[in-house]
Amino acid sequence: MILELYYSPENETCKKIMSLLKLQHLTYTPKDISGNLVHLQKLLHITGSKMIPCLFVDGLPIQNENEIINWINQNFGSLK
């Protein structure tokens with residue numbers, strides 16, 4: 001499973017998702033859209049928006065905070 005998280009380090013919701021991923025010991029590739037125009041352009045191209053956090057699971061995006069948390073809970077145990 002390949003996980004990529006499109007995020008901004010200033011965004012509190014992104015920090016929350018990163019903490020959840022860390023708590024579950026999930027390996028992911030961070031993609032800072034505020035520090036890298038290529039990451040931002042890819043996010044816009046694939047999803048049509050700049051909404052973050054956006055977790056890509058094997059290339060498929062999950063863009064809503066609650067949906068990301070639900071995906072983590074369903075696949076790796078219950079966390080809030």
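## A walk through the chain, starting at K15

K15 has a relative accessibility of 38%, so K15 counts as partly exposed. That lysine is a handy place to step into this structure, which is a predicted model. K15 has a salt-bridge partner in E12, and their closest N and O atoms are 3.1 Å apart. Both residues belong to helix 1, which covers residues 12–23, and they sit three residues apart, or about one turn of the helix. E12 has a relative accessibility of 56%, and since exposed means over 50%, E12 counts as exposed.

Before going further along that helix, let us step back to see the whole chain. Three helices and four strands make up the chain, and read from the N terminus their order is β-α-β-α-β-β-α. The C-alpha trace spans about 35 × 25 × 20 Å along its principal axes. For 80 residues, a compact globule would be expected to have a radius of gyration near 12 Å, and the chain has 12 Å, so the two agree. Of those 80 residues, 40% count as buried. Among the contacts with a separation of 6 or more, 56% are made by residues 24 or more positions apart.

Now back to helix 1. At its start, N11 extends a side-chain oxygen to within 2.9 Å of the backbone nitrogen of T13. Does the length of the helix fit its residue count well or badly? The twelve residues, at 1.5 Å each, should span 16 Å, and the C-alpha atoms at the two ends are 17 Å apart, which agrees. After the helix comes H25, which has a positive phi near 60°.

Which residues of helix 1 are buried? They are C14, I17, L20 and L21. Looking down the helix axis, these buried residues fall within an arc of 120°, so they line one face of the helix. The cover over them includes strand 1, strand 3 (54–57) and helix 3. On the face turned away from this buried side are the exposed residues E12, K22 and L23. E12, the salt-bridge partner of K15, is therefore a residue we have met before, exposed at 56%.

Helix 1 also takes part in a link to another helix. The side chains of K16 and E65 meet in a salt bridge, with 3.0 Å from N to O. This pair joins distant parts of the chain, since K16 is in helix 1 and E65 is in helix 3 (residues 65–76), 49 residues apart. K16 has a relative accessible area of 36%, so K16 is partly exposed. E65, at 25% relative accessibility, counts as partly exposed too.

How many salt bridges does the structure hold? There are four. One of them pairs E4 with K31, whose closest N and O atoms are 3.6 Å apart. Here again the pair links distant parts of the chain: E4 lies in strand 1 (residues 3–7) and K31 in strand 2, 27 residues apart. Are these two residues buried or exposed? Both E4 and K31 are buried. For K31 the relative accessibility is 14%, and because buried means under 20%, K31 counts as buried.

K31 deserves another look. Strand 2, where K31 has its place, runs over residues 29–32. Setting aside neighbours within four places in sequence, K31 is in contact with E4, L5, Y6, Y7 and H39. The salt bridge with E4 is also part of something wider, for E4, K31 and K42 are linked in a network of salt bridges.

Our last stop is the loop between strand 1 and helix 1, where S8 is found. S8 has a relative accessible area of 10%, so S8 is buried. Its side chain makes a polar contact of 2.7 Å with the side chain of E10. What does S8 touch beyond the residues up to four places away in sequence? S8 touches C14, D32, S34 and I52. C14 brings us back to helix 1, where C14 is one of the buried residues.

Methods:
Residues are numbered from 1 along each chain as its sequence is written. This is a predicted model: local features need pLDDT of at least 70, side-chain atom pairs count only at pLDDT 80 or more; totals for chains, interfaces and linings use all residues. Side-chain values use heavy atoms; hydrogens and water are left out. Buried means under 20% relative accessible area, exposed over 50%, partly exposed in between (1.4 Å probe, protein chains only). Contact means heavy atoms within 4.5 Å. The expected span of a helix is 1.5 Å times one less than its number of residues. The arc is that of the directions from the helix axis to the C-beta atoms. A polar contact is a pair of N or O atoms within 3.5 Å; within protein, one must be able to donate a hydrogen and the other to accept it, and residues adjacent in sequence count only if both atoms are side-chain atoms. The radius of gyration is taken over C-alpha atoms; the globule rule is 2.2 Å times the number of residues to the power 0.38.
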